[in-house]
Every structure is written in structure tokens, then in C-alpha cells.
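Please open the model in the viewer and keep the selection panel at hand. The tour proceeds by selections, each followed by an account of what is found there.

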Amino acid sequence: MKFYIIVAALFLSFGVSAQSSLKGKIKDEKGQPIYGVNIHISELQKGTTSDENGDFILTNIKEGTLKVTFSIVGFQTEIKKILFTKNSTIEVLQILKEDSESLNEVVVSASRRSEYLSEIPASITVVNQKQLVDLSNSTTNINEILEFTVPGLAVSTGTYSNWGQTLRGRSLLVMIDGIPQSTPLRNGQLGIKSISPNDISRVEVIKGATSIFGNGGNGGFINYITKKPQASKEIEGATNLWQTSSLTKMKDAQGIGIYQSLKGNLNKFTYYVSGSYERTGNKYDAKGKVILPTYGFDNTNIYTALAKLEYQISDNQKIILGGNLYNSLQDSPFIAVPGTFEVYNENGDYSLTPGYGVEGSIEGQEPTGSKLSNGQLTYNLNHIFGGSTDLETDVYYQKAKNTFFYSDKFENGGQSVINAEKYGVRPNFNTTLDISPTTNISLTYGLDLLKDKTNQGLLDGRLWVPNINMLSWAPYMQSTIKFNNKWVLKAGLRYDDMNLTIDDYNTLPYSPLGDGNFNPSVAVEGGKVGFDNLAFNAGVRYIKHQEFIPYVSYSQGFSIADLGSVLRSAKADSVEDIQLEPAVTKNYEFGFLSKFKNFRLEAVGYYSVSNLGTGVTFDENINSFVPSKKPQNIYGGEIAIDYTAFDSKLQIGTSYSYVEGLTHDVGDKNNLTYLGGDVIAAPKLTAYVTWIPTEKISTSLRMTNLGDRNRFNPYLDANDNYTFRHTQFPVEGYTLLNWSMNYKLQEDISVSLAVNNLLNEYYLPARSQWAAPLRTFTGTGEGINAKLSMLYNF
């Protein structure tokens, strides 16, 4: 038997030696090797991929002139005709150009695999690294960067809290490299501002209910993709220095910042490390008054760090160890003077006086803000199971400590803090099957395992939200069918199973409206609670002509609506008697992309329904804030237009977002009422003009306009005075202009100057208005201010 095997092998080896080979290297336009390029000869149904050095080899090629295709997501596909002669070895050096002029930006978050943006039947905004760099010249606040670049995202609150900065009127999930930054066990609404924009390579915002990453994404999710350790030298880097200042009042208003990054390539080992420090000064409004310090940006120390170490084990294996830190602590010399309002009559005429800061301190108060840390170990194994499948599995750890401001709403006052800790494991497989020359199927499947431990207490030791331990597992599968280069059909399932253990606890006496009316303490017996949900999504997109690429989709989302806020307001004496129910959202949408030579248009309309609300309401009967138990219907639309001229020296663009929402009692669909401002944002209009007169100079003017939203009628309170209910306060719009200019001193050094709120508009951010009944969050926005920066690349 062995003899026959040896003879067969000899004949096979002779046959192979009579064939030709193709070998070579693939690089980008900067000379960097490109890993994972597909090299394919369709006539022979034969192919391979490039390794981490960009090298490849393809053997057993017959004689003749054959077409060889080089393709990878994010680069333009190249096709070469190559003449193969008997027993020859052809060597090539192939340069691929980035696919920046097409619609095909690379997106990985929508399906946990690399896909072309134009082939995904969903509404997605990608904020690329160039946009991040340009907008970071004006601000290091990622909330404001996303406010301007993401249609459908509500405007920034003007603070480091993103309570009310919803996505299409729904709650959103924030992630860093896929690691959740918030917890459904007690969402502190601080997740958006959790990373320095200097450490982000791009931001992917998937809009509409989605189950691909599970709990929390009823309105979609934001995934910050951090920079990778890509370098051609042993050491490269960047240094960024900046200074900020208010221009309405200069007293102690100066801030400083420094950012340093290093990266390098040491054969199979590559690295990226960075760190930054920023210190802000006093913040003043357009009239020179100190801005309300609650959740403020004034007198804040911000420390960040990022590290990624990548080791190429073999041609198809690599391991990445990474992590980041974000520490933002405000130690303000000011204390808050709350805002006030008065409603004059049943027509809703009113006056609103914003709060402000005065010099002072509260004994024992600690700095407020966030301390976040993420750690992640990722293992990639490619081309297994006959070359059809890639495996990516990661283990991650996340810890958060969110310290809030002092509040007299607690009996005897207090300062609360959320402590959360997560551990997760996520094996993820991607399989591609070529059914025919014109049809292929891609399958993404895996399992999410998560352990989450959270509580919220006061710094003096009192516990407000009890210790909650959650263990969840969620298998999922997403499929994509592409055929005839015309149609893309996408469908998927995810099953979530969550099991929670809640300790015994006592609720704290609390006055939700700050009126001295404290709820009595209740002893609550803990126990075990479970949730499960099966979510489905499907969509189809027509991709033949880039002049019109329409899609239609249906998707479901699933989340626990801030369990901690339910437990801390409990009136029952056992968790078994507390009505805990997850919110399930169904999202329907239609949209399209269109790209012409210098013109790009994107438009989408959507409608979503949910069995519960994704915000909280004030229940006057129990004097507590509780998650909404009423179904919600939300609808809206978005449009974005971009135009370039004169070889891209002139760039013009605009976007408009509109969303509206209604709710009703269970079983009474005809009695509709509008949803509050914490859920539904006023219309948003953005526009920009960028001019690049020379290779060294570029300048931009950007506008953000918030429209009015007045949907509510006042009512008579217990004292027979007219007032508005929680979150149901009118919002008056405003317009902000920001200007920036960048000048390249030489190839590796550039300086920039930015002036924000150029016209020194006196305004109240939207949340300062609709949250007026709480009296705690009503402050003005920052007046005219400037940022001067210098960037050095080496």
C-alpha cells in the first residue's frame, strides 16, 4: 500500500513540476505591504492571499495568457493579463490604490466582518481619520465631533454627560473596538465621551435597531475603532500640542494639552503606544458668566493612554494585545446655582433663567467624572477549513467608575458613584462560500459570553443601586448573499439569554424633583431574574449602479431599560414583585446612496415601534422616576449631500435630521401624546465649506443649527401654578458657527487655529431646556473660544 502511495506522489510531483508559478509582493501607494489581498485566477478557479509582508505565491498554473485579479476591501481592484510559459516562475510587484473615491468605505461593525459600505442594507455613518484630524483641530470633545458628522444623532448636551444625546430617538450602545462602555444594569449616560479622538482611526455608527452586538442598541451603536500598529520603520510617531481659551473672558480660562504616539515595525512584532494629558480652564458663556459646573468641562484633568502589541505567529495567525485608559476628572472651584423657570398661563408662555457657577466648594466633595479601562486579547486564525473560514476570538475586560456631582436630592445630601466591571469572551467565525462564478455566501457566526457586575452607591457608603451580577450568553448568525454583482441580501438571528442575581438592599430616601419630598426607605429582598429574546434582521440592497443604490431593511433590537433605575425606585419588598421587562424595538427603513463624479447624496426614512419606552418618566403617584411602560412609535428621516469642485479644492456639504415620537397607554392606540426631549431631539441642520487654496493651507467654516420643538401644554400643579412636566419643556433653536484653518509649515509640521461659536451666540443647549423642570441641568453653552494646535509627525 505504501508503495502505491509513493508512486502516486512521484507522478503527482512530476505533474506539478511541469506547471508554472506566480509569486510577488503587494504594497500600497506609500510602500506599505498589504496583508490579506486576494489573488485569484478565475479561469482556473485558483487563488491565494498575501501574507503580513505582502508576499504571495501561486503554483500549478497552466500555460497561456490568463487574467489575474488582485482585490481587497478598501483598495481598488486590479486585473492583470500575464503570459505563463512552461516551467516558468513569474514575479510581480503590484501596487494597489486606496478606494477613497468610491462609495466603498470599509465597515466592520455592521456584521463583525469587513464589508463595503455600499453593500450593506442599513444606514451607516463612517467618520474617517481625516475628518477626525480636521475636527480635532477645533475640539477634543468627541461628543461635539459626532454631533456634526452623524445625521440622526442628537446635538451635544454641552457637558460630558450624553443623557438625551439619543440616536434616532432611541438609546444607543457605545463600544471601543467592540467592547461595551456602558452597562444596562445602571447606565450612567457617560459612554460617548470615553476616548481621545487622537486615538481613533475611524468611528462607525450603525443606525436603527440592531442585534449584532446585543443588549443596548435599540437606536443603533457607536463603535470607536482605535489605531492599529501599522508602520514601516522601527520607530515612528506624532506629537500634538494645543492651547485653548475662552475669548469672552480670559480670567483663568486657558487650557493646555499634549498628545504623543509611537509606533514601529520589528519584523513580526509591531506596536502602537500613545498617551495624552489635557487641562481645561474656566468656561464662560457669551456674556462672560461662569457656565454651570454640573457635568461641566471646566477645570478638568483628562488623562488617556492606548497600547497595541501585535505579533505575527505565522502566515495565517496573529495575536494582538491591547488596551486603553480614559480618566476625566473635574475639580471645579465653582458650585452650581440652579436654573429657574416660570410658566405664566395655560398657553405655555414662560421665562427660563439658566443656572451658573459661583466660587465656592462643598465639604468632602470629590472630583467628578469617569475612570475607564479596557483590556483585550485577540487571536486571528485565517484560511481554515479549506481556506473558506477565518476565526477571530477575543477575551476582554472593562472597568468603569463614574463619579457624579453632589446632590441635595439625597437625604442629608450625597455624591453617587457607579462601579461596573465586565469580562467577556467572543469567538467569531467568518465563512465565505462561492456557490457559482456570480454568487457567493458569507456567514458570520459565533457566541458572546459576558459577565457584568455593577452597583451604584454614595461615597459615604450608602448603597443606592444594589449589587447586581449578570451572566449572559448569546449565539448569533448573520448571512450575506451577493449575486450577479447586482443584489445583496442580508439576514441574521441572535438569541440573548441573561441571568441576573440581585442582592438584598434598602432603597434610599430620595427627592426626585429636589423639593424636599423624600421617598421612604424600603427593604427589598433580592433574588434571581432572567430575560431572553430572539432578534431577527433582514435587508436587501441593489448595487449595480453607484448612481442609485437603494435598500430596504427590517431589524429588531433588545435592551433592558436601565435596570438600576428601576431597582432604586422600588416600592415592592421583593425583586420578584417588581415588574422587570426588556424593551424590544422593531425598525423599518428605506434609503439610498447616490454618487456621481463630484456629488454624493444619501437619504433614508425610518419607522420604529417598541413595546416599552427607552427613557424614564416621572410617576407623580409614587414620586419616582421609572422607565416608561408605554409603547413608543418613532419616525423620521435624514439626508446628507456632499459636493466637491476644482479638483477637490472646494468641498461643500449639508445634512438634515428630523425625528418625531409618539406614545400611548397600553391598549389605547388612539390617544397619542408626544415623547419628551430626553428621547426626541429637535431637528438638526449642519453645513460646511472647506477651501484648500494651496497645498499648504486649508480652511473650513462649519454650521450647526438646532430647530425649535414645542409640543407640550402646561398643567396646574398641586399649588395651582402652571408648569411643564419632566422632559416636556419647549426647546428654542440656535445656530453655531465654527471656523478653523490649518497651515503646513513643512512636510512633517503643521499648525492650526480654530474659533468656535464664532458669532458668540448666547444659547442654551437642548438638554438645558427640556430638563428645566429638574432645575439642576439648565446651563448656558460656551461663548466664543479658540484652540491653537501644532502637529509634528516623524
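Against which elements do the buried residues of α3 pack? The model in view is a predicted one. To find the answer, select helix α3, residues 142–149, and then display its surroundings. The buried residues of α3 pack against β10 (123–127), α2 (129–136), β13 (200–207), β14 (220–226), β41 (684–691) and β42.

**Helix α3**

Remain on this helix and colour its residues by accessibility. Seven of the eight residues of α3 are buried, and the helix is accordingly described as mostly covered. The buried set consists of Ile 142, Asn 143, Ile 145, Leu 146, Glu 147, Phe 148 and Thr 149. Next, show Asn 141 at the start of α3: one of its side-chain oxygens comes to within 3.1 Å of the backbone nitrogen of Asn 143.

**Salt bridges**

The structure holds 22 salt bridges; three of them are visited here individually.

Select Asp 448 and Arg 494. Their side chains form a salt bridge with an N to O distance of 2.9 Å. Asp 448 belongs to strand β27 (residues 439–458) and Arg 494 to strand β29 (residues 487–502), so the bridge ties together parts of the chain 46 residues apart in sequence. Are these two residues buried or exposed? Asp 448 is buried, because its relative accessible area is 9%, under the cut-off of 20%. Arg 494 is likewise buried, at 4%. Now add Arg 112 and Asp 496 to the selection: Arg 112, Asp 448, Arg 494 and Asp 496 are linked in a network of salt bridges.

Move to Glu 660 and Arg 709. The side chains of Glu 660 and Arg 709 meet in a salt bridge of 2.7 Å, N to O. This pair links distant parts of the chain, 49 residues apart: Glu 660 is in strand β39 (residues 650–663), while Arg 709 is in the loop between β42 (697–706) and β43 (715–716). Glu 660 counts as buried at 1% relative accessibility, and Arg 709 is buried with a relative accessible area of 5%. Strand β42, which precedes the loop of Arg 709, has already appeared on this tour among the elements against which the buried residues of α3 pack.

Then select Lys 283 and Glu 782. In this salt bridge the closest N and O atoms are 3.8 Å apart. Lys 283 lies in the loop between β17 (269–279) and β18 (300–314), and Glu 782 in the loop between α5 (766–770) and β47 (785–793); the pair therefore ties together parts that are 499 residues apart in sequence. Lys 283 counts as buried, with 17% relative accessibility.

**The two domains**

Finally, colour the chain by domain. The domain assignment gives domain 1 as 20–96 and domain 2 as 225–348 + 378–529 + 538–793. The centres of the two domains, taken over C-alpha atoms, are 42 Å apart. Five residues of domain 1 and eight residues of domain 2 take part in the contact.

How much area do domain 1 and domain 2 bury between them? The figure is about 630 Å², with 38% of it on carbon and sulfur atoms. On the side of domain 1 that touches domain 2 there are one nonpolar, two polar and two charged residues. A search for salt bridges between domain 1 and domain 2 returns zero. The count of residue pairs in polar contact across this interface, with both residues at pLDDT 80 or more, is also zero.

Key. Residues are numbered from 1 along each chain as its sequence is written. This is a predicted model: local features need pLDDT of at least 70, side-chain atom pairs count only at pLDDT 80 or more; totals for chains, interfaces and linings use all residues. Side-chain values use heavy atoms; hydrogens and water are left out. Domain bounds come from an automatic or database domain assignment. Contact means heavy atoms within 4.5 Å. Buried area is the accessible area (1.4 Å probe) that two parts lose on being put together, summed over both. A salt bridge is a side-chain nitrogen of Lys or Arg within 4 Å of a carboxyl oxygen of Asp or Glu. A polar contact is a pair of N or O atoms within 3.5 Å; within protein, one must be able to donate a hydrogen and the other to accept it, and residues adjacent in sequence count only if both atoms are side-chain atoms. Ala, Val, Leu, Ile, Met, Phe, Trp, Tyr, Cys and Pro count as nonpolar, Asp, Glu, Lys and Arg as charged, and the others, Gly among them, as polar. Helices (H or I, at least four residues) and strands (E, at least two) are DSSP runs, numbered from the N terminus. Buried means under 20% relative accessible area, exposed over 50%, partly exposed in between (1.4 Å probe, protein chains only).
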